[in-house]
Amino acid sequence: MHIEPSQKDLKIRLRKEIRQKRAAIDPVQRRSWDALINTHFEHYTSRGSPRLVAAYTAFDGEPDILPALVKLAQQGTRLALPVIQDSPGKAVITFREWVPDQEMELNRYGIPEPVGSDEVRITDMDLVMVPLVGWDRSGGRLGMGASFYDRLLQPFAELAKPERIGIAYELQKVPDIPREPWDIRLHSVITENGWFTCEG
């Protein structure tokens with residue numbers, strides 16, 4: 001008897017395939033694509049002049065957006081980075097204010113987190129730059145599997161703010177991301193080829 005793979009199984013397989021492709025990017029090519037992504041993001045934010053942007057620190061081959069964040073900070077934009085916190089049941093992420101050269105500590109995954117700064121409310125954020133493993137044109141997003149962002153943003157799933165922007169390479173794009181009811185869709189995606197509004 002043939003049994004169709006579950007959404008979870010499909011996600012696990014897809015996550016492995018895309019992470020392998022991303023890890024295999026030539027370093028020179030990666031630097032070139034990252035520079036383009038940073039430029040596109042700078043142009044994108046110049047259109048709306050966001051006051052507070054929630055960003056991320058590149059990990060596991062994700063595009064490095066630090067240059068764009070430094071420029072935003074120089075222009076007076078407030079920035080925040082995620083911090084993993086233990087809570088009853090499952091760990092969650094919150095965001096703390098961040099400025100370039102701020103003291104950082106590594107979390108359980110080896111990702112730097114800001115130390116000693118104020119926590120930032122989601123309702124104050126204009127943009128959330130969402131890291132991802134895979135994406136599709138409808139705004140489907142495949143994360144690392146911990147559901148940190150899905151749980152964080154679920155109460156705002158039907159709202160335009162904060163705007164959810166996926167940051168990725170084109171090679172991470174797939175025709176259709178397996179989706180479950182709690183998965184949050186993206187409003188926009190920025191890659192080395194530019195930015196676009198998701199069809200979903």
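Accessible areas are obtained with the Shrake-Rupley method, using a 1.4 Å probe. For this protein, a predicted model, the accessible surface comes to about 10,600 Å². Carbon and sulfur atoms account for 52% of that surface.

**Overall form**

The chain forms four helices and 12 strands. Its C-alpha atoms occupy a box of roughly 60 × 45 × 30 Å along the principal axes. The radius of gyration is 17 Å, which agrees with the value near 16 Å for a compact globule of 200 residues. Of the 200 residues, 47% are buried. Contacts also link distant parts of the sequence: among those between residues at least 6 apart, 68% join residues at least 24 apart.

**The largest pocket**

The largest pocket holds about 740 Å³ of space. Its lining consists of 34 residues, and the closest to the pocket centre are Met144, Gly145, Ala146, Ser147 and Phe148. By class, the lining is divided as follows.

| Class | Residues in the lining of the largest pocket |
|---|---|
| Nonpolar | 19 residues |
| Polar | five residues |
| Charged | 10 residues |

Which helices and strands each supply at least two residues of this lining? They are helix H1 (7-23), strand E2 (78-85), strand E5 (112-114), strand E9 (141-142) and helix H4 (148-153). The largest share, four residues, comes from H1.

Methods:
Residues are numbered from 1 along each chain as its sequence is written. This is a predicted model: local features need pLDDT of at least 70, side-chain atom pairs count only at pLDDT 80 or more; totals for chains, interfaces and linings use all residues. Side-chain values use heavy atoms; hydrogens and water are left out. On a 1 Å grid over the protein atoms alone, a cavity is a set of points where a 1.4 Å probe fits but cannot get out, and a pocket is an open set with protein on both sides within 12 Å along at least five of seven lines; lining residues have an atom within 4 Å of a point. Grid points are joined across faces, edges and corners, and a volume is the space filled by probe spheres set on the points. Ala, Val, Leu, Ile, Met, Phe, Trp, Tyr, Cys and Pro count as nonpolar, Asp, Glu, Lys and Arg as charged, and the others, Gly among them, as polar. The radius of gyration is taken over C-alpha atoms; the globule rule is 2.2 Å times the number of residues to the power 0.38. Buried means under 20% relative accessible area, exposed over 50%, partly exposed in between (1.4 Å probe, protein chains only). Contact means heavy atoms within 4.5 Å.
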